[in-house]
Amino acid sequence: MRVDPYLYFDGDCAAAFRFYAGLLGCTAPVLMPYGDDPTCAGGVAVAPDRIMHGCIDIDGGFLMGSDVPPGTPLPRAPHAFVSLGVDSDADAERIFAALAERGEIRAPMAETFFAHRFGMVVDRFRTGWMVLRSKPC
């Protein structure tokens, strides 16, 4: 069994996934716009450039998401928090700082009873992230 987070955006899924893939050192994301859906009449979608499905492979796990169709309300952000476990304090600090740029820090990066480094941030795309370097259980 695997758990893969699925995120919703309001028109900026492609930009968010390109940023996340670059930040995390992944290959380019798979981005499937609504306009490529063969079931749409004549291949024309209401919002052909919005992303119907996006996916980033992160070491065999997947971060997935899409844009909501126009007129569909997006729930108040964040729509989910993605917990990102890293292997070093340096990675935790670097990734947290990049996500916090033009975002909102909900819990500053710090040592906790359960992690060497832990922080929560809502990035500029309104996605919630928990970045942590865990302590041994």
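These are my notebook entries on a predicted model, written as I looked things up.

**Entry 1: the overall layout**

I started with the secondary structure, and I found two helices and eight strands. Reading along the sequence, I wrote the order down as β-α-β-β-β-β-α-β-β-β. Of the 137 residues in the protein, 41% are buried. I also looked at how far apart in sequence the contacting residues are. Taking contacts with a separation of 6 or more, 52% join residues 24 or more positions apart.

**Entry 2: the two helices**

Next I asked myself how helix 1 and helix 2 lie relative to each other: roughly parallel or roughly antiparallel? Helix 1 covers residues 13-23 and helix 2 covers residues 89-100. Their axes come within 11 Å and cross at roughly 160°. Angles over 145 degrees count as roughly antiparallel, and the two helices are therefore roughly antiparallel to each other. I noted the hand too: helix 1 passes helix 2 in a right-handed crossing.

Then I listed who makes the contact. From helix 1 I have Phe19, Tyr20 and Leu23, and from helix 2 I have Arg94, Ile95, Ala98 and Leu99. Sorted by class, that contact has six nonpolar residues, one charged residue and no polar ones.

**Entry 3: the buried side of helix 1**

I wanted to know which residues of helix 1 are buried. My list reads Cys13, Ala14, Ala16, Phe17, Tyr20, Ala21 and Leu23. Tyr20 and Leu23 are therefore buried residues that I had already met in the contact with helix 2.

What do these buried residues pack against? Helix 2 is one partner, and the others are strand 1 (6-9), strand 2 (30-33), strand 3 (51-58), strand 4 (61-67) and strand 8 (128-134). After helix 1 comes Gly25, and I noted its positive phi, near 70°.

**Entry 4: cysteines**

How many disulfides are there in the whole structure? My search came back with zero. I checked the burial of two cysteines while I was there. Cys13 is buried at a relative accessible area of 0%. Cys26 is at 18%; the cut-off for buried is under 20%, so Cys26 counts as buried too.

**Entry 5: positive phi outside glycine**

I then looked at residues other than glycine with a positive phi, and wrote down two. Asp59 has a phi near 50° and sits in the loop between strand 3 and strand 4. Is Asp59 buried or exposed? Its relative accessibility is 83%, so Asp59 counts as exposed.

Arg102 is not a glycine either, and its phi is about 65°. I found Arg102 in the loop between helix 2 and strand 6 (104-110). Arg102 is exposed as well, with a relative accessible area of 64%.

**Entry 6: two prolines in loops**

Pro48 lies in the loop between strand 2 and strand 3. At 38% relative accessible area, Pro48 is partly exposed. Its C-alpha is 3.7 Å from that of Gly35, although the two are 13 residues apart along the chain. Setting aside sequence neighbours within four places, Pro48 is in contact with Pro33, Tyr34 and Gly35.

Pro69 belongs to the loop between strand 4 and strand 5 (81-85). It is partly exposed too, at 36%. Leaving out residues up to four places away, I found Pro69 touching Tyr34 and Arg50. Arg50 is 19 residues away in sequence, and the C-alpha atoms of Pro69 and Arg50 are 7.6 Å apart. Tyr34 thus turns up in the contacts of Pro48 and of Pro69.

**Entry 7: Trp129**

I finished with a tryptophan. Trp129 is in strand 8, and at 2% relative accessible area it is buried. What surrounds Trp129, apart from neighbours within four places in sequence? I wrote down Tyr20, Leu63, Phe81, Val82, Leu84, Leu99, Gly119, Met120, Val121 and Asp123 as its contacts. Two of those names were already in my notes: Tyr20 and Leu99 take part in the contact between helix 1 and helix 2. I also jotted down a C-alpha distance, 9.6 Å between Trp129 and Ile105, which are 24 residues apart in sequence.

Note on methods: Residues numbered from 1 in each chain as written. Predicted model: local features only at pLDDT ≥ 70, side-chain atom pairs only at ≥ 80, totals over all residues. Heavy atoms only, no water. Axes fitted to C-alpha atoms, helices over the stretch in contact; angles between N-to-C directions. Helix = DSSP H or I, 4+ residues; strand = E, 2+ residues; numbered from the N terminus. Parallel < 35°, antiparallel > 145°, perpendicular 65-115°, else oblique. Left-handed = near helix turned anticlockwise from the far one by under 90°. Contact = heavy atoms within 4.5 Å. Nonpolar A, V, L, I, M, F, W, Y, C, P; charged D, E, K, R; others polar. Disulfide = S-S within 2.5 Å. Buried < 20%, exposed > 50% of the residue type's maximum accessible area, 1.4 Å probe, protein only.
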